[in-house]
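Me: I'd like to go through the charged side-chain contacts in this one. Can we start with how exposure is classed?

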Amino acid sequence: EGGGNETTRTITPGGRVRDGRTGNDIEIYRATAAGVTGAKIRHGCANAIGGQSATIKLKYRKTANEQLFPGAPRGIKFALGENPKQSNGRAPGRVLRYPSTRLGVEAVIRRAFDEAKDWLAHQKDDLDRFANGEMVPPRRRDVRLETIAGILSGDVAIHSHCYRADEILMLLETAESYGIRVRTLQHVLEGYKVAPEIARHGAGAWGGR
């Protein structure tokens, strides 16, 4: 029904597909009529780190919560290359957001991971101080950093839109430098050029839309 692509920022892990679901999309009825019973719906590809995906059972005219598949693993959409750097969105008068290069895409991903590591360190420090009897004021909740911390801990799986071999290698190497794994690569047009590296990393790859 549209609305699955948050384009205002380059890092939007606080967005959740589940919050934008309805049961009234006619495509649910058509898919179930064709025998499809479930789907993993992902955020769009406008962001280097996009929103969280939703795994659903296709139930026409049911509420969003009734559609959610219980116990499904959490996942998040990453995107590389043209879309997060807005190669095709430079309309006259439009103010572009950072990044506008592939190097910038890598930089914002690393920066987000570093911010989440610092946030986790502060959380641990607060807990340690509280355990020692100190009065520790509560910190403001940050859903964005909570989600990225979940990526670093392995609780939230990375599924990344990609095309070029160099950007695929960049993401794999970036993930490995933080001790995490990319779960799947989508489109992966030049994946054949770096197939040994993808296999060694342990990522899956599929070329569908």
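Reply: Buried means under 20% relative accessible area and exposed means over 50%, with partly exposed in between. Please keep in mind that this is a predicted model.

Me: Ok, so where does glutamate 82 fall, buried or exposed?
Reply: Glutamate 82 has a relative accessible area of 28%, and therefore it counts as partly exposed.

Me: And what does glutamate 82 form a salt bridge with?
Reply: Its partner is arginine 102, and the closest N and O atoms of the pair are 3.1 Å apart. This contact links distant parts of the chain, since glutamate 82 sits in the loop between strand E4 (74–79) and helix H3 (102–131), whereas arginine 102, 20 residues apart from it, belongs to helix H3.

Me: Which side chain does arginine 144 meet in a salt bridge?
Reply: Arginine 144 meets glutamate 115, at 3.1 Å from N to O. That pair also links distant parts of the chain, with arginine 144 in helix H4 (residues 143–153) and glutamate 115 in helix H3, 29 residues apart. Arginine 144 is partly exposed at 28% relative accessible area, and glutamate 115 is partly exposed at 30%.

Me: What about glutamate 190, which residue does it pair with?
Reply: Glutamate 190 and lysine 193 meet in a salt bridge at 3.3 Å, N to O. Glutamate 190 is partly exposed at 22% relative accessibility, while lysine 193 is partly exposed with a relative accessible area of 48%.

Me: Switching topic, how many salt bridges are there in the structure?
Reply: The structure holds 14 salt bridges.

Me: And which residues are linked in a network?
Reply: Salt bridges link Asp125, Asp126, Arg129, Glu134 and Arg139 in a network.

Technical notes. Residues numbered from 1 in each chain as written. Predicted model: local features only at pLDDT ≥ 70, side-chain atom pairs only at ≥ 80, totals over all residues. Heavy atoms only, no water. Salt bridge = Lys/Arg side-chain N within 4 Å of Asp/Glu carboxyl O. Helix = DSSP H or I, 4+ residues; strand = E, 2+ residues; numbered from the N terminus. Buried < 20%, exposed > 50% of the residue type's maximum accessible area, 1.4 Å probe, protein only.
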